[in-house]
Amino acid sequence: MNKKYKKIILIHGWGFNSSIWNNVIENSIYGSQMHPLNIYAEARESGTNINSITNSIANKHPDLDCIVGWSMGCYFANALSKISKKLPIVYVSFLPSFDNFSELGCGFTKKEVENLYDDLNKDFLNTIKKFYIMCIGKKNINFIKQFINTAYSLEKNYSHEVKESLAFIKKDFINFEIRKNKCIFIYGDDDNLCNDFYSNKIISQFDKKIIKGGSHALFVDKNKEFIDVLKSSKHSFKYT
């Protein structure tokens with residue numbers, strides 16, 4: 001990642017908000033250049049459609065220099081790459097399909113997605129908390145506790161957008177196409193949702209970094225290691 005970047009957009013994943021990037025911003029030398037987005041706020045304004053949201057983001061941030069997308073955020077980053085083909089992109093814990101577990105061995109089963117939507121309607125808060133455990137891992141319970149307020153905030157302010165986003169990411173994840181941008185993929189080798197078999201098979205032709213012991217939300221439990229990868233990636237970004 002280049003110090004010359006004046007604006008680096010950070011895009012969170014499903015079930016979280018922009019606060020998940022706080023430690024990255026606080027501990028990175030690029031912190032002052034980083035701008036975390038709240039996708040659910042964008043969805044309320046623009047509608048729960050990836051293209052409408054990314055067009056809104058592009059209009060609001062015409063001066064952005066780099067995009068970091070995590071999990072669901074990778075799809076917004078990818079959609080933004082269709083608008084500007086020169087933007088370097090960091091894909092963190094990229095999933096090819098939200099509910100294609102049977103074919104790719106990663107993500108969720110279709111039944112799990114259906115249950116997730118039903119569970120949100122029955123008990124939003126506990127469903128989100130369980131999802132946090134899935135993303136960050138039971139062994140990282142102290143990290144998970146940091147995001148309890150996020151769960152409360154989503155329930156209070158964006159429960160509708162969180163539920164509706166399950167539908168549009170289920171559809172749009174299938175339409176993912178890696179653009180000819182400078183990009184790098186970052187994974188943790190302790191990711192409950194995305195395994196090495198998938199990442200080796202699907203994106204073997206791209207520049208990929210693996211963080212040992214990293215969860216799906218690897219920049220939370222392996223913050224220093226993640227920031228070190230960002231720092232070193234200014235030399236490894238390459239056009240795909």
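Here are some short exercises on this predicted model, each with a worked solution.

Residues are numbered from 1 along each chain as its sequence is written. Because this is a predicted model, local features need pLDDT of at least 70 and side-chain atom pairs count only at pLDDT 80 or more, while totals for chains, interfaces and linings use all residues; side-chain values use heavy atoms, with hydrogens and water left out.

**Exercise 1. Get an overview of the chain.**

Find how many helices and strands the protein chain has, and what share of its residues is buried.

Step 1: Start with the secondary structure. Helices (H or I, at least four residues) and strands (E, at least two) are DSSP runs, numbered from the N terminus. The protein chain has 13 helices and 7 strands.

Step 2: Now look at burial. Buried means under 20% relative accessible area, exposed means over 50%, and partly exposed is in between (1.4 Å probe, protein chains only). Of the 240 residues in the protein chain, 55% are buried.

Step 3: Check the contacts (heavy atoms within 4.5 Å). Among those with a separation of 6 or more, 68% are between residues 24 or more positions apart.

**Exercise 2. Follow a salt bridge across the sequence.**

Which parts of the chain does the pair of lysine 7 and aspartate 63 tie together?

Step 1: Recall the rule: a salt bridge is a side-chain nitrogen of Lys or Arg within 4 Å of a carboxyl oxygen of Asp or Glu. The structure has 6 of them.

Step 2: Check the distance. Lysine 7 and aspartate 63 meet at 3.1 Å, N to O.

Step 3: Place both ends. Lysine 7 sits in the segment before β1 (8–11) and aspartate 63 in the loop between α3 (50–60) and β3 (66–70), so the salt bridge ties together parts that are 56 residues apart in sequence.

Step 4: Compare their surroundings. Lysine 7 is buried at 12% relative accessibility, whereas aspartate 63 is partly exposed at 43%.

**Exercise 3. Set two more salt bridges side by side.**

Where do the partners lie in the pair of glutamate 42 and lysine 60, and where in the pair of aspartate 228 and lysine 224?

Step 1: Take glutamate 42 and lysine 60, whose closest N and O atoms are 3.1 Å apart. This pair links distant parts of the chain, with glutamate 42 in helix α2 (residues 39–46) and lysine 60 in helix α3, 18 residues apart.

Step 2: Add their exposure: glutamate 42 is buried at 8%, and lysine 60 is partly exposed at 37%. Both belong to a salt-bridge network with Glu45.

Step 3: Turn to aspartate 228 and lysine 224, with closest N and O atoms 3.0 Å apart. Both are in helix α13 (residues 223–232), 4 residues apart, or about one turn of the helix.

Step 4: Here aspartate 228 is partly exposed at 36% and lysine 224 is exposed at 59%.

**Exercise 4. Explore strand β5.**

Which strands pair with β5, and why is β5 largely enclosed?

Step 1: Use the pairing rule: two strands pair if DSSP finds at least two bridges between them. Strand β4 (residues 89–92) runs parallel to β5, joined by 4 bridges, and valine 90 stands opposite isoleucine 184.

Step 2: Strand β6 (residues 208–211) also pairs with β5 in the parallel sense, over 4 bridges. Here phenylalanine 185 faces lysine 208.

Step 3: Since 6 of the 7 residues of β5 (residues 182–188) are buried, the strand is largely enclosed by the rest of the structure. Cysteine 183 is buried too, at 2% relative accessibility.
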